[in-house]
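Here are a few exercises to work through with the model open in your viewer. Try each one before reading its solution.

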Amino acid sequence: MQKLYYGVAYYDEYMPYDRLDRDIQMMKDAGINVVRIGESTWSTHEPQSGVFDFTSLDRVLEAMHAAGIQVIVGTPTYAVPTWMVKEHPDVLAVTPQGEGRYGARQIMDITNPKYLFYAERIIRKMMERVKDHPAVIGYQTDNETKHYHTAGPNVQVQFVKYMREKFKTVEKVNEEFGLAYWSNRINSWEDFPSVVATINGSLGAEFARFQRKLVTDFLAWQVAIVNEYKRPDQFVTQNFDFEWRGYSYGVQPDVDHFEASKAFDITGVDIYHPSQDDLTGIEISFGGDVARSTKHSSYLVLETEAQAFAHWVPYPGQLRLQAFSHLASGANMVAYWHWHSIHNSFETYWKGLLSHDFEPNPVYNEAKTIGRDFARLSPKLVNLQKKNQAAMLVSNEALTALEWFKLPGQEKNYNDVVRLMYDQLYKMNIGCDMVHPSSANLNDYKLLIVPALYAASDELLERLNDFVRQGGHIVYSFKSGFTNEHIKVRTTHQPGIINEACGIYYSMFVEPNNVSLKGDPFGVGEEHNAVETWMELITPTTAEVLAYYDHPHWGVYAAITRNTYGDGVATYIGCLPSSAIMRQVLEQAVKEAGLWGKDQEIAFPLITKSGWNEAGKLVHYYMNYSDEEQVMTYPHPNGEELLAGRSVASGQQLTLERWGVLIIEEK
């Protein structure tokens, strides 16, 4: 990409009256240079089967082109029209909760042949209409695609075929998945039962892996169709989302982002997050790190919040801070969902950049300053390249395994462990990439963080041992290495193969009750010196004990250890500690890995990120995630603060206003 994009989703079809010209003028005033259209309105473009009406699409494309605003067109396949369901009710997904019912979006079976027929037809008709239009720079296939828990009879047949191709014989399946238990043994492929009600976690997790593959295959199928039409100067993307907790939180359970992104030219994501007093930037950073790592390059933020709900309306300055935070993580585009606020239906109160009155408001006025700065600074900020030396290993397989075998209390899940570790790295300003079990580039990093790797192949664990042996530093959390990739518990001392690098073993684990670490070894104080949910009773072999449990019976066992192995170091955290303890353990690992530098002398609420621009100059972002003015000393070589256009000297004291941002390009 040659410039930064600042955009909005725009739905002329939803407007209560004709105001396209007025909207475009307001967009131009705000520096909006791209809009995303089309992905939500299949029933408008095909009101009856085989009857097509692209009037609204043509109207918007022509108007945007005349105004110099570029367009991303979405294939409208994630919300099916009523006529399709009337004619073919079986296009609705059958899930473990029963038959599908029409009403919501994303309710279809993405493997259903009738649905796929109609989806291909609307994609081709749309592409024929728009492919040569000069306003169109790219395409988004579908929208926030997932498998929607489709599990009907046709999906079960496909799963059996998948199992036959992968495992070859039923004997292999019985052996790997422990199906002799409770007479679940399968003696012929013809007898393979539906797995909807399975109690076998191995089989259930394999079905979840298969469902994620359905998403990968479905998206690749759409991309292949679009690629038949797109011009060489156009791209194809998808807006991946994350585990949802009322906002974007962690690894998406229903999609393998790394596999699914392979078909696309560039990765796109949706990132929503708490705002006002709860704005930390962590979700922006986490989502950006995942997106950037899928293709090791810049990415698009296809959706993020402008106003949305009442508790998301940003304080003055926060919209700017959020926009530049995306750029700091490597984004080339920031686009709001959406431009206007709609006046009825489900998302009435998911407000856009404009409120329901369509008039300028403080959020829109702040967006105007962002648009101006994006346009002015685009040559210096586009295509930011990062060279992080720390990475976090995330695993859909481990996530699914811990859903089958939940932690005590069932309140904490895999993503809670991921975020416990990631958030501390973020707050100490450690730039972080994301890797996955198949990543071949582990040796590009000095430090690897491994949260709750409950399910992992022997091959992966051996590679992790090699990483340490060759000089790398690893920090494992509890529950790592416990089972193989089929959630079959290893028969050795735990944590299995990584015993070798970690220098420990254990065979018992308990739920902590009023347990702390003996002697407050990390100096976090009584309030924070606590563990919860899970504790492994560790015996060191060659490892140094960093912390013992403080408990009248379990106090002889280690809680956290550190072991030198080959040329590297493996730290193992055998419990779920407080965030304060996690911070201290990770800080020690960061220092031992040689990654503690000038940027770590400042810490949250001051966040800094950096990367190289296209001129080969290092650019530093400094962001104040607090409602108070912050003062810092600039630690890098002399540079220029780009927003204000002023020189900055090394060692100079700088002030960041509340929710403020500075961008310094080294000279």
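**Exercise 1: Place Gln-385**

At 38% relative accessibility, Gln-385 counts as partly exposed, because that label covers everything between buried (under 20% relative accessible area) and exposed (over 50%), with a 1.4 Å probe and protein chains only. Before going on, note that this is a predicted model, where local features need pLDDT of at least 70 and side-chain atom pairs count only at pLDDT 80 or more, while totals for chains, interfaces and linings use all residues. Residues are numbered from 1 along each chain as its sequence is written, and side-chain values use heavy atoms, with hydrogens and water left out.

Task: find where Gln-385 sits and what it contacts.

Solution.
- Step 1: look in the loop between H12 and strand S12 (390-393). Helices (H or I, at least four residues) and strands (E, at least two) are DSSP runs, numbered from the N terminus.
- Step 2: skip the neighbours within four places in sequence, and Gln-385 is in contact with Gly-611 and Trp-612; contact means heavy atoms within 4.5 Å.
- Step 3: check the ring of Trp-612, where the charged end of Lys-387 sits over it, 4.6 Å from its centre. The rule asks for NZ of Lys or CZ of Arg within 6 Å of the ring centre and within 35 degrees of the ring normal.
- Step 4: for another case, go to Lys-591, which lies over the face of Trp-596 at 4.8 Å from the ring centre.

**Exercise 2: Classify two ring pairs**

Task: work out the geometry of Trp-312 with Trp-350, then of Phe-324 with Phe-374.

Solution.
- Step 1: set the rule. Rings of Phe, Tyr and Trp (its six-membered ring) pair if their centres lie within 6.5 Å; planes under 30 degrees apart count as stacked, over 60 as edge-to-face and the rest as tilted. By this rule the count comes to 40 aromatic pairs.
- Step 2: the Trp-312 and Trp-350 ring centres are 5.7 Å apart with planes at 90 degrees, so the pair is edge-to-face.
- Step 3: Trp-312 is in the loop between strand S10 (299-304) and helix H11 (318-328), and Trp-350 is in the loop between strand S11 (331-336) and helix H12 (362-381), so the pair ties together parts 38 residues apart in sequence. Trp-312 and Trp-350 are both buried.
- Step 4: for Phe-324 and Phe-374, centres 5.5 Å apart and planes at 70 degrees give edge-to-face as well. This pair links helix H11 (Phe-324) to helix H12 (Phe-374), 50 residues apart, and Phe-324 and Phe-374 are buried too.
- Step 5: back to the tryptophans: one aromatic cluster includes Trp-312 and Trp-350, with Tyr-11 and Trp-244 also among its members.

**Exercise 3: Is H13 enclosed or open?**

Task: decide how far helix H13 (residues 396-404) is enclosed.

Solution.
- Step 1: 7 of its 9 residues are buried, so H13 is largely enclosed by the rest of the structure.
- Step 2: Asn-396, Glu-397 and Leu-399 are among the buried ones.
- Step 3: the cover over the buried residues of H13 includes helix H8 (201-227) and helix H14 (414-427).

**Exercise 4: Zoom out**

Task: how many helices and strands does the chain have, and how much of it is buried?

Solution.
- Step 1: the chain has 17 helices and 31 strands.
- Step 2: of its 667 residues, 62% count as buried.
- Step 3: the C-alpha trace spans about 75 × 75 × 40 Å along its principal axes.
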